[in-house]
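Open the model in your viewer and keep the sequence panel beside it, since this tour moves from the whole chain to single side chains. At each stop there is something to select and something to look for.

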Amino acid sequence: DVMSRTQVNDTVCLRCCKHRMYAVSKATSNDPRFERTRRRVLAAAFHLIRQGGPAAVTYSALAEESGVGRATIYRHWPTLDELWPDVIAEASRQMPMEPSGDLRDDLITALGYLADRIASPEERLQFLAILEHAQVDKASTRLMRVAQQHNPVVMVLDSAVRSGALTPDLDLELATALLVGPILQRGLFRGIRPEPRFIETIVDRFLAHEDSHASQPPARSEDP
C-alpha cells in the first residue's frame, strides 16, 4: 500500500529526531514550560478524540491542533502507545479522593465521580467517540484498556482486596461491571445524572452480595 503524505511526514520526522527521543531529563520535566507543552498536546488529543475517535490522533494532527512541533511531541512521547496513559491520567487527575479504607463510602464517592464526568456533555461525547471506534480501531481498544486501569471504582476495589475488606477471589471485571453498568446506563443512554440514593442502592446491593458470598462455607469435595 502507498503511504499517505501524512504518514510519510510522520515517518521522516520520527527518523530525524530518533536520537533525541529520550533527551528529556528530570530537570527538564520540572520546567513549567515542559508541563505547559504537555498540557497543550494532551488538550489537542482530547479534541481530536471527540472529533474522530482515537484513530484521529496522529503526530501531524497533534502538532497542527496544539501548535507544538512534531519533534517536540516525539521527545515527550516516542510512540502513541506511550501517549494514551498520559491522556487517561490527565483526564483522571482531578479525581477527588484516594481510598480511605471505608469501602462503602469509597465506592459511593468513586461512582459519584464517574456520574459527574458522564453528566458533562463534553466528557460524554469523548467517551462515546471511544466506544464507537473500540470494536474496529486498535487505538481505541488500547485506550479503553488503559482507561479501565485508571477507573476509580477499580482502584477502590483493588485496594479493598489488598486490605482484606473483599475476598481475594473477587472477579474484579465482573464487580466493576455490576457497579458501573447502572451509572453508564443512566448517564450515557438516558442522559440522566443518577441521584445519590440510586448510587447508594447500587453499592449496598453489591456489598450485601459480597457479604453473603464471603459468609458461605467452602464447598466440600465429595469422596470418590
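Helices here are DSSP runs of at least four residues and strands are runs of at least two, both numbered from the N terminus. By that rule, the secondary structure of this predicted model comes to 12 helices and 0 strands, and reading along the sequence gives the pattern α-α-α-α-α-α-α-α-α-α-α-α.

**Stop 1: the whole chain**

Select everything and show the surface. The chain exposes about 13600 Å², of which carbon and sulfur atoms supply 52%, while 37% of the 224 residues count as buried. Among the contacts with a separation of 6 or more, 66% are between residues 24 or more positions apart.

Now colour the chain by pLDDT. The average is 76, and 67% of the residues score at least 70. Where in the chain is confidence lowest, and where is it highest? Helix H1 (residues 5-16) has the lowest mean, 42, whereas helix H4 (residues 59-66) has the highest, 95. Over residues 1-28 the pLDDT is below 50, although this stretch has 27 contacts in the model beyond near neighbours in sequence. Where pLDDT is low, the predicted coordinates should not be read in detail.

**Stop 2: helix H3**

Select residues 32-52, which form helix H3. The helix has 21 residues and reaches 30 Å from its first C-alpha to its last, close to the 30 Å expected at 1.5 Å a residue. Show its side chains and look for the buried ones, which include Phe34, Val41, Leu42, Phe46, Leu48 and Ile49, but also Thr37 and Arg38.

Stay with Arg38, which lies in helix H3. Is Arg38 buried or exposed? Its relative accessible area is 17%, and because buried means under 20%, Arg38 counts as buried. Leaving aside neighbours within four places in sequence, Arg38 is in contact with His76, Trp77 and Asp86, and a polar contact of 2.7 Å joins the side chains of Arg38 and Asp86. Before leaving this helix, select Gly53, just after H3, where phi is positive at about 80 degrees.

**Stop 3: helix H11**

Move along to residues 172-189, helix H11, which has 18 residues and reaches 24 Å from its first C-alpha to its last, close to the 26 Å expected at 1.5 Å a residue. Where does H11 bend? Look along the helix to Val180, where the bend is about 40 degrees, and then find Pro182, a proline that follows within four residues. Val180 is also one of the buried residues of H11, as are Ala175, Thr176, Leu179, Ile183, Gly187 and Leu188.

Next, go back to the start of H11, where a side-chain oxygen of Asp171 reaches to within 3.3 Å of the backbone nitrogen of Glu173. Select Leu172, which lies in this helix and is partly exposed, with a relative accessible area of 29%. Beyond its neighbours within four places in sequence, Leu172 is in contact with Val154, Leu157 and Asp158. If you measure between C-alpha atoms in the viewer, Leu172 and Leu157 are separated by 7.3 Å, although they are 15 residues apart along the chain.

For a last selection, pick Gly191, which follows H11 and has a positive phi, near 70 degrees.

Conventions
Residues numbered from 1 in each chain as written. Heavy atoms only, no water. Expected span 1.5 Å × (residues − 1). Bend = angle between axes of the 7 residues up to and from the residue. Buried < 20%, exposed > 50% of the residue type's maximum accessible area, 1.4 Å probe, protein only. Polar contact = N/O pair within 3.5 Å; in protein donor to acceptor, adjacent residues only side chain to side chain. Contact = heavy atoms within 4.5 Å. Areas by Shrake-Rupley, 256 points an atom, 1.4 Å probe, with all protein chains shown as cover. pLDDT = per-residue confidence, 0-100.
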